[in-house]
Amino acid sequence: MGKLSVNLCGIELDNPVIPASGTFGYGYEFAELYDINCLGTFSFKGTTKDPRFGNPTPRIAECEAGMINAVGLQNPGVEKVIAEELPKLKKCFHKPVMANVSGFSVEDYAYTCEKLDKEEQVGWLEVNVSCPNVHGGGMSFGTSPEAAAEVTKAVKKVTTKPVIIKLSPNVTDIVAIAKACEAAGADGISLINTMLGMRIDLNRRRPVIANKMGGFSGPAIFPVAVRMVYQVSHAVKIPVVGMGGVSTARDVIEMMMAGATAVEVGAANLVDPFACKKIVEDLPAEMAKYRIENLSDMIGIVE
């Protein structure tokens, strides 16, 4: 059997498969279905400084090759995550976990990351800069190199663990933003977050989602994700975590050939809660098909 392990920012993973934030809760719900220790790790639900109820409903719209969501970062806030969610997780997951952090100001990000950085279970901080900057007119931090770099610097000042900045694809030049984050001290980049999409209810003549627009994810965005992972991984020297429409073991290998060190699986978990388990199980056969002995040898092999 081929070797599946990879090294992400100095931490060894048994395999590169990581359920993406927002599609795997805080892990223990899925642990009722299967042993989640078969995963490389997972990125838990986007956590903010304060509790958030999220956006009004309906929040989900189906599409032929994906889905649109506007959940709005619903979570109990960092204090409750540390006090209640992580102890529950510790009982069923025995590997370092990726803490996904969101914020609406630079101070929010720094506060939440500093708190989570102290938790023994947390291996990496995945910082989602796709959130609207409330002090900057509502534009996402991830839409400008300067704003993304500012968040990166602030988080790096108060943390000791690897910081992976999660970028939005809804920009003109994702490479410039990735390079700015690297220059500001980021230990890794993850991409892509959801694209912006919309559906209209023809009978009601109104948007399906109460928020009008939301994050478009699923197989339809996979080619865009592969392209952006390729561009960014060839422009920076830090590891890239690839995601966006991944649903099979073949997709994982393709994403790694484009330059991803590890691969997150998002919307597929919402379609099939066993998606990540199946991908891990399918990887050895898929590697054999393409004569791959060591999966880490595939990282960025496409020039």
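Which hand does the crossing of α3 and α4 have, right or left? The crossing of these two helices is right-handed. Keep in mind that you're looking at a predicted model. This briefing starts with helix α3 and its partners, moves on to a second helix pair, and then stops at a few loop residues and some backbone oddities.

**Helix α3 on its own**

- Helix α3 covers residues 106-117, which makes 12 residues.
- From first C-alpha to last, α3 reaches 16 Å, close to the 16 Å expected at 1.5 Å a residue.
- Quite a few of its residues are tucked away: Val106, Asp108, Tyr109, Ala110, Thr112, Cys113, Leu116 and Asp117 are buried.
- The cover over those buried residues includes two helices, α2 (78-90) and α4 (145-157), along with the strands β6 (97-101) and β7 (122-128).

**α3 against α4**

- If you want to picture this pair, two numbers help: packed helices are described by the angle between their axes and the distance between the axes.
- The axes of α3 and α4 come within 9 Å, and the crossing angle is roughly 35°.
- On the α3 side, the residues to click on are Val106, Tyr109, Ala110 and Cys113. They meet Glu150, Val151, Ala154 and Val155 in α4.
- Sorted by class, the residues of this contact come out as 7 nonpolar, no polar and 1 charged.
- Val106, Tyr109, Ala110 and Cys113 are also on the list of buried α3 residues.

**α3 against α2**

- Here the axes come within 10 Å and cross at roughly 15°.
- Angles under 35 degrees count as roughly parallel, so α2 and α3 are roughly parallel to each other.
- The crossing of α2 and α3 is right-handed.
- Val78, Glu79 and Ile82 of α2 make this contact with Tyr111, Thr112, Lys115 and Leu116 of α3.
- The class split for α2 with α3 is 4 nonpolar, 1 polar and 2 charged residues.
- Thr112 and Leu116 of α3 are buried.

**α6 against α7**

- Further along the chain, helix α6 (residues 222-233) packs with helix α7 (residues 249-258), their axes coming within 8 Å and crossing at roughly 30°.
- That angle makes α6 roughly parallel to α7.
- From α6, the residues involved are Phe222, Ala225, Val226, Val229, Tyr230 and Ser233. Their partners in α7 are Asp251, Glu254, Met255 and Ala258.
- This contact has 7 nonpolar residues, 1 polar and 2 charged.

**Two buried loop residues**

- Where does glutamine 121 lie? You'll find glutamine 121 in the loop between α3 and β7.
- Buried means under 20% relative accessible area, so glutamine 121, at 15%, counts as buried.
- Leaving aside neighbours within four places in sequence, glutamine 121 is in contact with Leu86, Leu89, Lys90, Lys95, Pro96 and Val97.
- Threonine 23 is in another loop, the one between β3 (17-19) and α1 (28-31).
- Threonine 23 is buried too, with a relative accessible area of 10%.
- Not counting residues up to four places away in sequence, threonine 23 touches Phe30, Val265, Gly266, Ala267, Asn269 and Leu270.
- Threonine 23 and phenylalanine 216 sit 193 residues apart in sequence, yet their C-alpha atoms are 14 Å apart in space.

**Backbone oddities**

- Some background for this group: most residues other than glycine have a negative phi, and most peptide bonds are trans.
- Threonine 57 and proline 58 are joined by a cis peptide bond, with omega about 0°. Proline 58 is in the loop between α1 and β4 (60-63).
- Which form does the peptide bond from leucine 191 to isoleucine 192 take, cis or trans? That bond is cis, with omega near 10°. Isoleucine 192 is in the loop between β9 (188-191) and β10 (195-197).
- Arginine 205 isn't a glycine, but its phi is positive, near 60°. Look for arginine 205 in the loop between β11 (200-201) and β12 (206-207).
- At 73% relative accessibility, arginine 205 counts as exposed.
- Lysine 212 likewise has a positive phi, about 75°, although it is not a glycine. The place to look for lysine 212 is the loop between β12 and β13 (214-217).

Notes:
Residues are numbered from 1 along each chain as its sequence is written. This is a predicted model: local features need pLDDT of at least 70, side-chain atom pairs count only at pLDDT 80 or more; totals for chains, interfaces and linings use all residues. Side-chain values use heavy atoms; hydrogens and water are left out. Helices (H or I, at least four residues) and strands (E, at least two) are DSSP runs, numbered from the N terminus. The expected span of a helix is 1.5 Å times one less than its number of residues. Buried means under 20% relative accessible area, exposed over 50%, partly exposed in between (1.4 Å probe, protein chains only). Contact means heavy atoms within 4.5 Å. Axes are lines fitted to C-alpha atoms, for helices over the stretch in contact, and angles run from 0 to 180 degrees between N-to-C directions. A crossing is left-handed if the near helix is turned anticlockwise from the far one by less than a right angle, and right-handed if clockwise. Ala, Val, Leu, Ile, Met, Phe, Trp, Tyr, Cys and Pro count as nonpolar, Asp, Glu, Lys and Arg as charged, and the others, Gly among them, as polar. Angles under 35 degrees count as roughly parallel, over 145 as roughly antiparallel, 65 to 115 as roughly perpendicular and the rest as oblique.
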